[in-house]
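Here is a brief report on one protein chain. It moves from the overall fold to a sheet, then to single residues.

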Amino acid sequence: MRTFAQPAIDMVDTMRTAAAADPARAIAFGGAPGSNSHQAAMRFDPECLPLPFLGFEDALDAVKQGNAGCAMIPIENSQHGRVSDIHFLLPESGLSIVAEHFMRITHSLMATGPGPFEAAYSHPQALGQSRHFLQERGIVALTHADTAGAAAYVAEMQDPRFCAIAPPMAAELYGLDIIEEAVEDAHDNTTRFVVLAKEPRDPAGIEAEQTMTTFIFEVKNIPAALYKALGCFATNGVNMTKLESYQKGASFAATRFYADIEGAPGDPRVDAALEELAFQTNEVRLLGSYAQARKRG
């Protein structure tokens, strides 16, 4: 999809005009108006100017180019795991994580008519979060760039055989009927978003009970490399709350890890752990320190 569906274009143009007049207040996001990222931005900062883009990479570019003060990006979901491509995009963006935001996610099945439906359009994450619902009804899952964009596309098609899975707000924006509410398979379906900006936050200036730090590291291709890397945190009493691996390049010999820890540089325990980690690995790159939005554990 190289452009938004027609029902979304006027809203997108209006939002972009407002953001262009005051870029510092703009929060860029990937998706059409009414998407979960749009709602997350508004809940995070009700006074912001939401700035929609077709994809996450475009939203990150808007921050780099000074067209938005920050970007709201979904990174993981409690039910469907990692959001695709994010672990590659964040390090490449050159931006820093300055905040996190958790949002309860609910999806509705919406269409121009009552059905029955042959297929449902939505973002792969939403389709995965509603997998059992769709299978039980024999509805084929069709991927789209984002949830609200799928709703706009169904509204544009005006084909009663197709529906969309999207936030209820999207039905209101694009004139669709909500056929069924809360179609996600888990009642506690939650997405974690991160907020990215050009400049990192100074950990010393974060007023919070607990600070988080996100970073990536690349282990050496030797036996027990990961064991030694994780030992840096264990021996220094630093709690690691997240660890995910992904491959760098096509050799499958260089494994990178994305990690979250409690604490931040300036804490002697964290400083010691990161110093030891740098010795044990090929590369360590900090992606940002920020206030913990939800207590872990």
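**Overall fold**

The secondary structure of this chain comes to 10 helices and 15 strands. The radius of gyration is 21 Å, close to the 19 Å that the globule rule gives for 297 residues, so the chain is as compact as a globular protein of that length. The model is a predicted one. Along the principal axes, the C-alpha atoms fill a box of roughly 60 × 45 × 35 Å. Buried residues account for 52% of the 297 residues. Of the contacts with a separation of 6 or more, 74% join residues 24 or more positions apart.

**A five-strand sheet**

One open sheet has five strands in the order 8-7-9-6-10, and its pairing is mixed. Its edges are strand 8 (140-143) and strand 10 (177-180), each of which pairs on one side only. From one strand to the next, the twist averages 40°. Within the sheet, strand 7 (residues 119-122) runs parallel to strand 9 (residues 162-166), and three bridges pair them. Ala120 sits opposite Cys163 of strand 9. Helix 7 (residues 147-157) packs on this sheet and touches strand 6 (108-111), strand 7 and strand 9. The direction of helix 7 makes about 155° with that of strand 9.

**Glu244 and its partners**

Glu244 lies in strand 13 (residues 240-247). Is Glu244 buried or exposed? Glu244 counts as buried because its relative accessibility is 19%, and the cut-off for buried is under 20%. Its side chain makes polar contacts with two side chains, listed here.

| Side chain | Partner side chain | Polar contact |
|---|---|---|
| Glu244 | Arg82 | 2.6 Å |
| Glu244 | Lys242 | 2.8 Å |

Beyond its neighbours within four places in sequence, Glu244 is in contact with Arg82, His87, Arg256, Phe257 and Tyr258. Arg82 thus appears both in this contact list and as a polar partner of Glu244.

**Cysteines**

How many disulfides does the chain have? The count comes to zero. Take Cys70. Its closest cysteine sulfur is in Cys48, 7.6 Å away, and that is too far for a bond. A disulfide needs the two sulfur atoms within 2.5 Å. Cys70 is also buried, with a relative accessible area of 14%. Cys232 is buried too, with a relative accessible area of 2%.

Terms used:
Residues numbered from 1 in each chain as written. Predicted model: local features only at pLDDT ≥ 70, side-chain atom pairs only at ≥ 80, totals over all residues. Heavy atoms only, no water. Helix = DSSP H or I, 4+ residues; strand = E, 2+ residues; numbered from the N terminus. Buried < 20%, exposed > 50% of the residue type's maximum accessible area, 1.4 Å probe, protein only. Polar contact = N/O pair within 3.5 Å; in protein donor to acceptor, adjacent residues only side chain to side chain. Contact = heavy atoms within 4.5 Å. Pairing = 2+ DSSP bridges. Axes fitted to C-alpha atoms, helices over the stretch in contact; angles between N-to-C directions. Rg over C-alpha atoms; globule rule 2.2 N^0.38 Å.
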